[in-house]
Amino acid sequence: NCYFVCADIRSLIPINEISTKAGDIALSETMKRLLDCSSDEDVAFRIGHDEFALLTNSTDKAYAEQIRNKLLSLNGQPFTFETQKIPLNLYVTVTKLESESFKYADLFGKLIGALTEEKKAVREN
């Protein structure tokens, strides 16, 4: 009954075109941001190529929304690769999955589906 906060890196391909090492740093920075914006009782994990999920230890949607807003407020802040400052932007959404149990494939698929809907909504605005 807890909420998930899901994040996906916007435009990872141009970062990887600079260097795959820069892309690796973007992935690490995304995980760092998730952990920095959450509490020690929340669990962050990678669910896809550049998609991440944070399982909150909270049934309070406002708590998950607060994490989402913190993550979005960091959009545009750069990470450093060699001498370059590269801005990092994330799509971020909050979702709650209603089920007694999940298989990993089902869970990851549903979380990535939530991110896909968020990306569509952002692109339409």
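Start by selecting Leu111 and showing what surrounds it: leaving aside neighbours within four places in sequence, Leu111 is in contact with Phe4, Cys6, Phe45, Ile47, Ala53, Thr95 and Leu97. This residue belongs to helix H4, and at 0% relative accessibility Leu111 counts as buried. Keep in mind as you click around that this is a predicted model.

Now add Ala26 to the selection. Leu111 and Ala26 are 85 residues apart in sequence, and their C-alpha atoms lie 20 Å apart in space.

**Zoom out**

Switch to a cartoon view of the whole protein chain. You'll find 4 helices and 6 strands. Trace them along the sequence and the pattern reads β-α-α-β-β-α-β-β-β-α. How big a box do the C-alpha atoms of the protein chain fill? Along the principal axes, roughly 45 × 30 × 25 Å.

The radius of gyration of the protein chain is 14 Å, which agrees with the value near 14 Å for a compact globule of 125 residues. Of those 125 residues, 41% count as buried. If you turn on a surface, the protein chain exposes about 7200 Å², with carbon and sulfur atoms supplying 48% of it. Contacts reach along the sequence too: among those between residues at least 6 apart, 65% join residues at least 24 apart.

**Two rings**

Go back to Phe45, one of the contacts of Leu111, and select Phe108 with it. The count for this structure comes to 1 aromatic pair, and here it is: Phe45 and Phe108 are stacked, 5.9 Å centre to centre with 25° between the planes. Why does this pair tie together parts that are 63 residues apart in sequence? Because Phe45 lies in strand E2 (residues 43-46) while Phe108 lies in helix H4 (residues 104-124). Look at Phe108 from the outside as well: Phe108 is partly exposed, with a relative accessible area of 23%.

**A charge over a ring**

Next, pick Arg10 and Tyr91. The charged end of Arg10 sits over the ring of Tyr91, 4.4 Å from the ring centre.

**Two cysteines**

Select Cys2 and Cys6. How many disulfides does a search of the whole structure find? The result is 0. The sulfur of Cys2 has its closest cysteine sulfur in Cys6, but at 14 Å that is too far for a bond. Cys6 is likewise in no disulfide, its nearest cysteine sulfur being that of Cys2. Are these residues buried or partly exposed? Cys2 counts as partly exposed, at 24% relative accessibility, whereas Cys6 is buried, with a relative accessible area of 0%. You have already met Cys6 among the contacts of Leu111.

**A buried loop residue**

For the last stop, select Leu88. You'll find Leu88 in the loop between strand E5 (84-87) and strand E6 (90-96). Is Leu88 buried or exposed? At 0% relative accessibility, Leu88 counts as buried.

Show its surroundings, not counting residues up to four places away in sequence, and Leu88 touches Ile9, Ala26, Glu29, Thr30, Arg33, Leu74, Asn75, Gly76, Gln77, Pro78 and Phe79. Ala26, the residue you picked at the start alongside Leu111, turns up here as one of the contacts of Leu88. To finish, draw a distance from Leu88 to Lys119: the two are 31 residues apart along the chain, with their C-alpha atoms separated by 16 Å.

How values were computed
Residues numbered from 1 in each chain as written. Predicted model: local features only at pLDDT ≥ 70, side-chain atom pairs only at ≥ 80, totals over all residues. Heavy atoms only, no water. Phe/Tyr/Trp six-rings, centres within 6.5 Å; stacked < 30°, edge-to-face > 60°. Helix = DSSP H or I, 4+ residues; strand = E, 2+ residues; numbered from the N terminus. Buried < 20%, exposed > 50% of the residue type's maximum accessible area, 1.4 Å probe, protein only. Lys NZ or Arg CZ within 6 Å of the ring centre and 35° of its normal. Rg over C-alpha atoms; globule rule 2.2 N^0.38 Å. Contact = heavy atoms within 4.5 Å. Areas by Shrake-Rupley, 256 points an atom, 1.4 Å probe, with all protein chains shown as cover. Disulfide = S-S within 2.5 Å.
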